[in-house]
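This report goes through one protein model, beginning with a single residue, passing to the chain as a whole and then returning to selected sites.

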Amino acid sequence: MKIVDATPDMIPEIIEIESSSFSVPWSEKSFTDALNSERISVRVAVDESGTVLGFICFLIIDEEAELLNIAVSLRSRNKGIGSSLLEYMMDVMNSADVKRVFLEVRESNIPARYLYEKFGFAIIGKRKNYYSNPTENAILMQKNIIS
C-alpha cells in the first residue's frame, strides 16, 4: 500500500467508499472541488494495482488545519489503512509548521474516536444536533502539535 495524491479518475472509487461509510456522503462535486482547491489536500491509499483502499481530505490555513474527511473501504478496514492515512497527514502538518489540528466526529462513532485519541486528539467540545440522518451531536477534537 502507498499513499498518493488523488486524481480525477479516482473520484468514482472515492465516492463508492464515501457512500458506504457515511449516511450523508460528500457529492462528486464536493470531491472535484476539493481536488481543484489550492488549500485542500486529497490523498488516497492504493494497493499494488492502484485500487483505492481509503482516502483523507484535510485543509491547512497558516498554523491551523482541519481533517475534513477520512474513510476506508469496507473490505480494507482493520488493516491499519486509517492509521497510515492519519500518520501521513500528521507528517504533512509537521512539515507545514501547523500548530493545531481540528476535527469533528459523530458522537456514536467510537472506532473513529478511538483512532483519533490514539493519535493524540482530545475532546474540546460538542456541537448539538450537528449531523443529520440520523440527527446526532458532533464531538469536536483538537491536537496541538509541538515542533
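## A loop aspartate and its setting

In this predicted model, aspartate 97 is partly exposed, its relative accessible area being 47%. The residue is placed in the loop between helix H3 and strand E5, the latter spanning residues 100-106. Its backbone deserves attention as well, since aspartate 97 has a positive phi of about 60° although it is not a glycine.

A second aspartate shows a positive phi too: in aspartate 62, a residue other than glycine, phi is near 55°. Aspartate 62 lies in the loop between strand E3 (52-61) and strand E4, and, with a relative accessibility of 67%, it counts as exposed, because the exposed class begins over 50%.

## The chain as a whole

The protein chain contains four helices and seven strands, and these follow one another along the sequence in the pattern β-α-α-β-β-β-α-β-α-β-β. For 147 residues a compact globule would be expected to have a radius of gyration near 15 Å, and the protein chain, with 15 Å, agrees with that expectation. Taken along the principal axes, the box filled by the C-alpha atoms is roughly 40 × 40 × 30 Å.

How much of the chain counts as buried? Of the 147 residues, 39% fall into that class, while the accessible surface comes to about 8,200 Å², with 49% of it belonging to carbon and sulfur atoms. Among contacts between residues at least 6 apart in sequence, 57% join residues that are at least 24 apart. As for charge, the chain has 16 positive and 21 negative charges, and the mean positions of these two sets are 6 Å apart.

## Glutamate 64 and its partners

Glutamate 64 is located in strand E4, which covers residues 64-72, and it is partly exposed, with a relative accessible area of 35%. When its neighbours within four places in sequence are left aside, glutamate 64 is in contact with Leu59, Val98, Arg100 and Phe102. Two of these partners can be described further. The side chains of glutamate 64 and arginine 100 are joined by a polar contact of 3.1 Å, and the C-alpha atoms of glutamate 64 and valine 98 lie 5.4 Å apart in space, although 34 residues separate the two in sequence.

The C-alpha separations for three residue pairs can be set side by side, together with their spacing along the chain.

| Residue pair | Apart in sequence | C-alpha to C-alpha |
|---|---|---|
| Glutamate 64 and valine 98 | 34 residues | 5.4 Å |
| Glutamate 87 and phenylalanine 119 | 32 residues | 8.1 Å |
| Tyrosine 114 and glutamate 64 | 50 residues | 22 Å |

Two residues in the table have helical positions. Glutamate 87 is found in helix H3 and is partly exposed, with a relative accessible area of 48%. Tyrosine 114 lies in helix H4, residues 110-118, and counts as exposed at 59% relative accessibility.

## Two serines in the loop after E4

Are the serines of this loop buried or exposed? Serine 73, placed in the loop between E4 and helix H3 (81-95), is buried, with a relative accessible area of 2%. Serine 76 lies in the loop between E4 and H3 and likewise counts as buried, its relative accessibility being 5%. Both assignments follow because buried means under 20% relative accessible area.

The side chains of serine 76 and serine 73 make a polar contact with each other at 2.8 Å. Beyond residues up to four places away in sequence, serine 73 touches Ile17 and Leu53, and serine 76, with its neighbours within four places again set aside, is in contact with Leu53 and Ile81. Leu53 thus appears in the contact lists of both serine 73 and serine 76.

## A cis peptide bond

One further backbone feature concerns a proline. The peptide bond that runs from asparagine 133 to proline 134 is cis, with omega near 0°. Proline 134 is found in the loop between strand E6 (122-131) and strand E7 (136-144).

Technical notes
Residues are numbered from 1 along each chain as its sequence is written. This is a predicted model: local features need pLDDT of at least 70, side-chain atom pairs count only at pLDDT 80 or more; totals for chains, interfaces and linings use all residues. Side-chain values use heavy atoms; hydrogens and water are left out. The radius of gyration is taken over C-alpha atoms; the globule rule is 2.2 Å times the number of residues to the power 0.38. Buried means under 20% relative accessible area, exposed over 50%, partly exposed in between (1.4 Å probe, protein chains only). Contact means heavy atoms within 4.5 Å. Accessible areas come from the Shrake-Rupley method with a 1.4 Å probe; for residues, only the protein chains shown count as cover. Lys and Arg count as positive and Asp and Glu as negative; His and the chain ends are not counted. The place of a charge is taken as NZ of Lys, CZ of Arg, CG of Asp or CD of Glu. A polar contact is a pair of N or O atoms within 3.5 Å; within protein, one must be able to donate a hydrogen and the other to accept it, and residues adjacent in sequence count only if both atoms are side-chain atoms.
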